[in-house]
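Got your viewer open? Let's click through the strands together, one selection at a time.

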Amino acid sequence: MFGVGSVCSFRWGVPEVINSDPAAPRQAFLSHPTTPVPSLDPSAVGVSNVLSLEIKVDPEIQAFVDEQVTLKCSFRSFSPITQKLTVDWTYQPLTGGHMETIFHYQSVAYPAAVGTFRDRILWVGNIAKGDASIAIRNLTMNDNGTFTCAVKNPPDVHHNIPQTKLTVTHRGFSFQLTSAVLLSILVFLPSAIVVILLLVRMGRKFGVLKHRKKSGYKKSSIEVSDEPERTEQGTCLGRMGTWCLQCVDTDEEEPY
């Protein structure tokens with residue numbers, strides 16, 4: 001199709017024939033104007049700026065020294081979960097400094113074997129349910145800092161980077177009610193109140209009777225008129241009733 005000694009080249013999308021013979025004139029294969037090559041749309045080749053993984057954590061958590069805390073991390077992937085899925089937790093102190101990886105997961109858990117969190121991190125997540133949480137036991141004041149949860153499930157590897165700020169403090173002298181202590185309070189407190197009230201009442205009666213004996217207590221006209229009727233009952237039951245009436249009178253009447 002082309003002559004001998006000719007070279008076919010393309011410039012800006014237009015084929016052009018160049019004669020290799022310097023003496024021959026240069027001729028264009030096409031005479032119409034050149035057109036630029038259109039640019040490719042990223043979405044046409046499968047490139048997307050939308051995050052393929054979504055991760056959620058608690059922004060702030062408060063815990064106490066010598067106790068255990070759970071750092072929650074949930075994720076959602078648009079690709080099926082495979083054995084290539086990885087979970088990484090990193091830690092950075094509040095005072096700053098470099099970030100260190102304290103936990104790694106891929107099919108099995110790999111807690112930190114060295115460093116501050118050695119033998120103190122537990123895997124409490126469930127990958128099938130989108131849970132990548134961990135727990136830290138025996139907390140210390142040095143654990144204050146920022147924790148980051150990162151999940152990758154190829155080809156879903158792009159995600160947000162949420163952080164959890166952990167604040168560890170001393171619980172102080174706060175009283176924790178256990179079930180045994182609460183049951184003891186509910187059982188013995190009412191009984192103690194009743195006993196105290198009875199002792200107070202008996203003390204008042206004893207004080208009134210003692211005061212009457214010393215001051216020479218005189219019976220009222222009503223008590224004198226009622227006395228023959230009560231004393232006529234020479235039985236034990238009658239004497240007991242008389243004593244009960246006297247006890248009632250001591251609560252209602254003041255000594256003369």
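Start by selecting residues 86-93, which is strand S7, along with residues 145-152, which is strand S12: the two pair in the antiparallel sense over eight bridges. Keep in mind as you look around that this is a predicted model.

Now zoom in on one rung of that pairing. Pick Pro-93 and look across to S12, where its bridge partner is Gly-145.

Next, widen the selection to take in the whole sheet. Which order do the strands follow? Reading across, you get S4-S13-S12-S7-S8-S9, an open sheet of six strands with mixed pairing. To find the edges, colour residues 60-64 (strand S4) and 108-111 (strand S9); each of these pairs on one side only. Then turn the view and look at how the strands sit against each other: with direction ignored, neighbours in this sheet are turned by 20 degrees on average.

Time for the other stop. Hide what you have and show S5, S11 and S10, in that order: they make an open sheet of three strands, and here the pairing is antiparallel. The edge strands are S5, at residues 69-71, and S10, at residues 121-123, each with pairing on one side only. Try the turning view again: neighbouring strands in this sheet are turned by 30 degrees against each other on average, again ignoring direction.

Last selection: keep S10 and add residues 134-136, which is strand S11. How many bridges join S10 to S11? Three, and the two strands run antiparallel. For a residue to click on, take Leu-122 and follow its bridge to its partner in S11, Ala-135.

Definitions and conventions: Residues are numbered from 1 along each chain as its sequence is written. This is a predicted model: local features need pLDDT of at least 70, side-chain atom pairs count only at pLDDT 80 or more; totals for chains, interfaces and linings use all residues. Side-chain values use heavy atoms; hydrogens and water are left out. Two strands pair if DSSP finds at least two bridges between them. Helices (H or I, at least four residues) and strands (E, at least two) are DSSP runs, numbered from the N terminus. Axes are lines fitted to C-alpha atoms, for helices over the stretch in contact, and angles run from 0 to 180 degrees between N-to-C directions.
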